[in-house]
Amino acid sequence: MDVSEPRDESQVAVISDDVVALRRWSRGDAEFIAEACNDPAIQRYSSPALSSGEAAELIESFGRKWTGFVESGNPTGVAFAVVDAASGELAGLCGVDDWS
């Protein structure tokens, strides 16, 4: 089952403060993730370099975390795309983890 895209768009929440919005990742975002993960400034603190294919696989894993959240109520591992609220342009990634 392909879980990277929601089955029912009406159940997908977008959180926004009219400056930025948090939304679910989609397959079309893979190139953004690949480019970001290949930025030396980001690699210094975060992820290793990823190809576009590996970024697409990462988005698939994000989708599985969303499905798990819907089924269990546990948001650990859920990742949001951070976008400019006015333009929709991708700006980054944020997520939820249980570090306690």
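Aspartate 18 is exposed in this predicted model, with a relative accessibility of 68%. This aspartate sits in the loop that runs between β1 and β2 (20-23). Its backbone is worth a look on screen, since phi of aspartate 18 is near 70 degrees, a positive value in a residue other than glycine.

The loop leads into the sheet. Four strands, in the order β1-β2-β3-β4, make up an open sheet with antiparallel pairing. At the edges stand β1 (15-16) and β4 (90-95); each has a single partner strand, so one side of each is left without a neighbour in the sheet. Between β2 and β3, which run antiparallel, there are 4 bridges, and alanine 21 is found opposite valine 83 of β3. The antiparallel strands β3 and β4 are joined by 5 bridges. Two positions help to trace this pairing by eye: valine 82 has glycine 92 of β4 as its bridge partner, and alanine 79 stands opposite glycine 95, also in β4. Together β3 and β4 form a hairpin with 5 residues between them. In the turn of that hairpin, glycine 88 has a positive phi of about 80 degrees. As for solvent contact, β3 is mostly covered, with 5 of its 6 residues buried.

Phenylalanine 80 offers a way from the sheet to the helices. This residue belongs to strand β3 (residues 79-84) and is buried, its relative accessible area being 12%. A search of the whole structure returned 4 aromatic pairs. In the pair of tryptophan 66 and phenylalanine 80, the ring centres are 5.4 Å apart and the planes meet at 80 degrees, so the arrangement is edge-to-face; the cut-off for that class is an angle over 60 degrees. Because tryptophan 66 lies in helix α3 (residues 52-72) and phenylalanine 80 in strand β3, the pair ties together parts that are 14 residues apart in sequence. Tryptophan 66 is buried as well, with a relative accessible area of 11%. Elsewhere, ring pairs link Trp25, Phe32 and Phe62 into a cluster.

Phe62 appears again in the description of the largest pocket. About 360 Å³ of space lies in this pocket. The lining comprises 20 residues, and those closest to the pocket centre are Ser46, Ser47, Leu58, Phe62 and Leu93. Helices and sheet both take part: α1 (30-37), α3 and β4 each supply at least two residues of the lining. By residue class, the lining divides into 14 nonpolar, 5 polar and 1 charged.

Charged side chains also meet in a salt bridge, and the structure holds 1 of these. The partners are arginine 23 and aspartate 29, whose closest N and O atoms are 2.8 Å apart. Aspartate 29 counts as buried, because its relative accessibility of 6% falls under the 20% cut-off. The two aspartates described here thus make a handy pair to view side by side: aspartate 29 is buried at 6% relative accessibility, whereas aspartate 18 is exposed at 68%.

Note on methods. Residues numbered from 1 in each chain as written. Heavy atoms only, no water. Phe/Tyr/Trp six-rings, centres within 6.5 Å; stacked < 30°, edge-to-face > 60°. Buried < 20%, exposed > 50% of the residue type's maximum accessible area, 1.4 Å probe, protein only. Pairing = 2+ DSSP bridges. Salt bridge = Lys/Arg side-chain N within 4 Å of Asp/Glu carboxyl O. 1 Å grid on protein atoms, 1.4 Å probe; cavity = no way out; pocket = protein on both sides within 12 Å on 5 of 7 lines; lining within 4 Å. Points joined across faces, edges and corners; volume = space filled by probe spheres on them. Nonpolar A, V, L, I, M, F, W, Y, C, P; charged D, E, K, R; others polar.
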